[in-house]
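Trainee: Could you take me through one part of this model with some care, namely the largest pocket, and then say something about the surface?

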Amino acid sequence: MSDQMPDSAPQFLTVGEGEAAREIAMLVRPAQAGNGAPALVWLSGYRSDMSGTKAVELDGLAAELGLACIRLDYSGHGLSGGNFGEGTISRWLEEALAVIRHVAPDRVILVGSSMGGWIALRLAQKLARQGGVTLPKLAGMVLIAPAPDFTSELIEPNLKAKERKSLAERGYFEERSQYSPEPNIYTRALIEDGRKNRVLDGIIETGCPVHILQGMKDADVPHAHAMKLVEHLPADDVVLTFVRDGDHRLSRPGDIALLLSAVKGIIRSSTNRQMPA
């Protein structure tokens, strides 16, 4: 197996300067020679990392098809340096953008899970403005239980009095996690920065096909949130797949099969779009 896993050793990229500098870990699988298909870029969710089930399965698909695959850990996550408590959407977006710019593929398919879906949408806005100049062109997106604007749409409206007090006095509040013994920590900086990164306040133009996978038994991101996102993507070719008994993680074998099928569909679509009429 080792000869098929050129990405097994993480690389590190310094992002930011001075006290803001942090070492960002990335796993980069190069494309097979002559394979011109877009590179797959994995964007994890909040407190998730690049070694999770979906990320590893995506990398496996890239290996099978001879595609490049780029995975990274945001600062404060996984193998990366930096303080999790200093993390914001702007900071994690900067890191994802820096990694993509460093690897420099010609075209990318962004695959974002939960908060990674929000970062993917913000990346799409950045790539649309600079695509083909210093950044790659966006060939497609697959979003799994996407959580754009979750700080202002899902957290702020539901804050309890004691959580508001904790934010005001301590600068953060804690919430029990159903996925980890450690509580989730949401900082005032994350929430305030989230308002600056809103995408559900106007039309989002990605200029590429988008496939959204959403569980209908998702306790973290209600499926109505995915429907709201679709309303903000009127110019794009959007497919929304509901998984009737799916939870937030969508990591069961059947869910993974849906994910890989969605990615293959976007790859086919991007290949067809590249062909002359």
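**The largest pocket and the surface**

Mentor: In this predicted model, the largest pocket has a volume of about 970 Å³. Its lining comprises 37 residues, and those closest to the centre of the pocket are Tyr 46, Ser 114, Tyr 179, Asp 220 and His 248. When the lining residues are sorted by chemical class, 14 are nonpolar, 14 are polar and nine are charged. As for the secondary structure that contributes to the lining, at least two residues each come from helix 1 (53-65), helix 4 (150-155), strand 7 (172-175) and strand 8 (184-187), and helix 4 is the element that gives the most, with three residues.

Turning to the surface, Met 216, Met 227 and Phe 242 together form a nonpolar patch, whose accessible area adds up to about 240 Å². Within this patch, Met 216 sits in the loop that runs between strand 9 (210-215) and helix 7 (223-231), and Met 216 is classed as partly exposed because its relative accessibility is 32%, a value that falls between the 20% limit for buried residues and the 50% limit for exposed ones.

Another loop residue worth a look is Leu 79, which is located between strand 4 (69-72) and helix 2 (89-103). Leu 79 has a relative accessible area of 52% and is therefore exposed, since the class of exposed residues begins over 50%. Along the chain, Leu 79 and Asp 49 are 30 residues apart, while their C-alpha atoms are separated by 8.3 Å.

Conventions
Residues numbered from 1 in each chain as written. Predicted model: local features only at pLDDT ≥ 70, side-chain atom pairs only at ≥ 80, totals over all residues. Heavy atoms only, no water. 1 Å grid on protein atoms, 1.4 Å probe; cavity = no way out; pocket = protein on both sides within 12 Å on 5 of 7 lines; lining within 4 Å. Points joined across faces, edges and corners; volume = space filled by probe spheres on them. Helix = DSSP H or I, 4+ residues; strand = E, 2+ residues; numbered from the N terminus. Nonpolar A, V, L, I, M, F, W, Y, C, P; charged D, E, K, R; others polar. Patch = residues over 30% accessible without salt bridge, like charges linked within 9 Å, V, L, I, M, F, W, Y side chains within 5 Å. Areas by Shrake-Rupley, 256 points an atom, 1.4 Å probe, with all protein chains shown as cover. Salt bridge = Lys/Arg side-chain N within 4 Å of Asp/Glu carboxyl O. Buried < 20%, exposed > 50% of the residue type's maximum accessible area, 1.4 Å probe, protein only.
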